[in-house]
Amino acid sequence: MSIKERATYNMDRDYHYNLEAGPRFSGEIPAWEPDPAFPFLGHGLNSPLGIPAGLLLDSKWINLYALLGYDILVYKTVRSRRYPVHPWPNCLFVKTEMLNPDALPPQVVAPRNWEPPSPRVVTITNSFGMPSLSPEGWQEDVEKALGHLKEGQILIVSGVGTLEDSREKLVQDFVRVASMIKETGVPVVELNFSCPNTADGEGSIYTDPPLASWIAREVRRALGDTPLLIKVGLLLGRELEETVKALAPWVQGMVGINSVPLSVVDEEGHPALGPQRTTSGVCGWAIRQCGLAFVREAAALRERERYDMAICGCGGVTHPSHIREYLALGADAVFTCTGAMFNPYLALEYKGVVETHEDPT
Ligand SMILES: Cc1cc2nc3c(=O)[nH]c(=O)nc-3n(C[C@H](O)[C@H](O)[C@H](O)COP(=O)(O)O)c2cc1C
């Protein structure tokens with residue numbers, strides 16, 4: 001089976017196909033015992049491993065990954081209204097070295113008809129534009145998803161505001177979507193302050209501390225005591241300090257990083273996703289050092305400033321040793337998206353339920 005065929009998300013088909021027919025999986029699911037000994041935001045979980053917003057398109061996807069032993073399941077980002085998806089293709093393999101967070105390349109190449117040699121080294125670009133069902137549609141489905149959880153597992157729903165003609169309206173829309181998420185009864189709300197795929201400014205919230213703080217404050221008021229996580233993109237140094245300072249009074253944790261926005265071209269140097277999408281998010285193996293750098297700095301900052309917030313590390317986790325690497329740097333939880341898409345058994349490898357064959361890379 002090719003690497004592409006091993007993925008639960010079918011890259012050769014569009015988002016709607018994957019929503020309706022997915023996830024693609026025909027393997028065995030070995031039995032494993034819940035052991036909710038791991039504390040996370042006031043809950044006892046079986047492990048600190050989860051799937052970030054993206055791969056879990058709906059309750060069917062949540063059911064599969066809950067059975068496969070991922071204990072923190074984040075429902076793909078939803079909106080306060082129905083919203084269309086970007087045209088296919090939405091995922092392409094990228095051929096690149098490990099990215100250096102201090103010196104990102106001007107562009108990376110997504111060669112046609114090329115596959116990485118192993119699921120451990122898969123890097124992709126993804127571009128969906130955060131599609132959403134109507135609130136009634138996703139709220140009903142989230143309730144179904146809650147019914148699929150096993151002991152020691154938690155469901156989080158990610159939401160995003162839709163850009164309107166003023167910042168006030170954007171803030172209000174974030175409050176609206178967060179309140180709609182809370183109505184479903186999920187115990188934690190996540191908001192996406194980073195999306196590299198939009199050209200209209202939505203993606204810049206995490207690099208705009210006053211706006212980030214404004215949204216987080218208003219949402220905090222609406223949520224009462226429901227914990228709030230904020231998803232950010234690659235942020236380091238002074239910028240990270242300012243954003244964390246702006247968010248700290250209002251949030252219970254940060255999730256970082258989102259995919260790294262880069263120019264992605266084909267072998268001829270043309271935009272690989274077509275002329276309308278010259279930049280898209282790069283994720284998977286090659287961004288691990290970027291995610292680790294974020295967690296290292298965020299954890300140091302938390303200790304220095306005595307911030308009370310969880311840090312959820314994300315980016316390039318494709319092997320059980322990568323999970324331990326993130327935890328050692330101070331992450332409270334570790335998320336894998338691309339890794340779990342191409343190797344659904346990663347959580348059971350981490351738990352020692354199935355054997356880990358290959359060495360870390
Ligand atoms: C197919 C796909 C869809 C994604 N959709 C979202 C999304 O809706 N919201 C979000 O905050 N991040 C989204 N992401 C980003 C992931 O949550 C994650 O931050 C990123 O992929 C880095 O992790 P990874 O290297 O383990 O893939 C998506 C990623 C992938 C691969």
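Is Asn63 buried, partly exposed or exposed, and what is the relative accessibility of this residue? In the predicted model examined here, Asn63 is placed in helix H3, which spans residues 59-67, and with a relative accessibility of 25% this asparagine counts as partly exposed, because the buried class ends at 20% and the exposed class begins over 50%. The C-alpha atom of Asn63 is separated by 30 Å from that of Leu329, a residue 266 positions apart from Asn63 along the chain. Ala300, which belongs to helix H8 (residues 288-305), is likewise assigned to the partly exposed class, with a relative accessible area of 47%. Between the C-alpha atoms of Ala300 and Gly185 the distance is 33 Å, with 115 residues of separation in sequence.

The ligand sits in the largest cavity, and the shell around the ligand draws two or more residues from each of strand E4 (72-78), strand E7 (123-126) and strand E13 (279-284). This shell comprises 23 residues, of which Ala53, Thr77, Gly284, Gly316 and Thr338 come nearest to the ligand. Polar atoms of the protein approach the ligand from side chains as well as from the backbone: an N or O atom in the side chain of Thr77 is 2.6 Å from a nitrogen atom of the ligand, a polar side-chain atom of Lys231 is found 2.8 Å from a ligand oxygen, and a backbone N or O atom of Gly284 lies 2.8 Å from an oxygen atom of the ligand. Taken alone, the ligand exposes 600 Å², and 98% of that area is buried by the protein.

With regard to cysteine pairing, a disulfide is a covalent bond between the sulfur atoms of two cysteines. With a cut-off of 2.5 Å between the sulfur atoms, the count of disulfides in the model is zero. Cys91 takes part in no disulfide, and the nearest cysteine sulfur, which belongs to Cys283, is 7.2 Å away; Cys91 counts as buried because its relative accessibility is 5%, under the limit of 20%. Cys337 is also in no disulfide, the nearest cysteine sulfur being again that of Cys283, at 6.3 Å, but Cys337 is partly exposed, with a relative accessible area of 22%.

Several features of the backbone were also noted. Most residues other than glycine have a negative phi, and most peptide bonds are trans. The peptide bond from Gly22 to Pro23 is cis, with omega near -5 degrees, and Pro23 lies in the loop that runs between helix H2 (15-21) and strand E1 (38-40). A cis peptide bond is also found from Trp88 to Pro89, where omega is near 5 degrees, and Pro89 is located in the loop between E4 and strand E5 (91-93). Asn113, which is not a glycine, has a positive phi of about 55 degrees; Asn113 occupies the loop between strand E6 (107-109) and E7 and is exposed, with a relative accessible area of 83%. Met130 has a positive phi as well, near 50 degrees, and lies in the loop between E7 and helix H4 (135-146), but Met130 is buried, with a relative accessible area of 5%.

A further loop residue, Ser259, is situated between strand E11 (253-256) and strand E12 (260-265). Ser259 counts as buried at 8% relative accessibility, and its side chain makes a polar contact of 3.2 Å with the side chain of Asn258.

Definitions and conventions
Residues numbered from 1 in each chain as written. Predicted model: local features only at pLDDT ≥ 70, side-chain atom pairs only at ≥ 80, totals over all residues. Heavy atoms only, no water. Helix = DSSP H or I, 4+ residues; strand = E, 2+ residues; numbered from the N terminus. Buried < 20%, exposed > 50% of the residue type's maximum accessible area, 1.4 Å probe, protein only. Polar contact = N/O pair within 3.5 Å; in protein donor to acceptor, adjacent residues only side chain to side chain. Near = heavy atom within 4 Å. Areas by Shrake-Rupley, 256 points an atom, 1.4 Å probe, with all protein chains shown as cover. 1 Å grid on protein atoms, 1.4 Å probe; cavity = no way out; pocket = protein on both sides within 12 Å on 5 of 7 lines; lining within 4 Å. Sits in = over half its atoms within 2 Å of the grid points.
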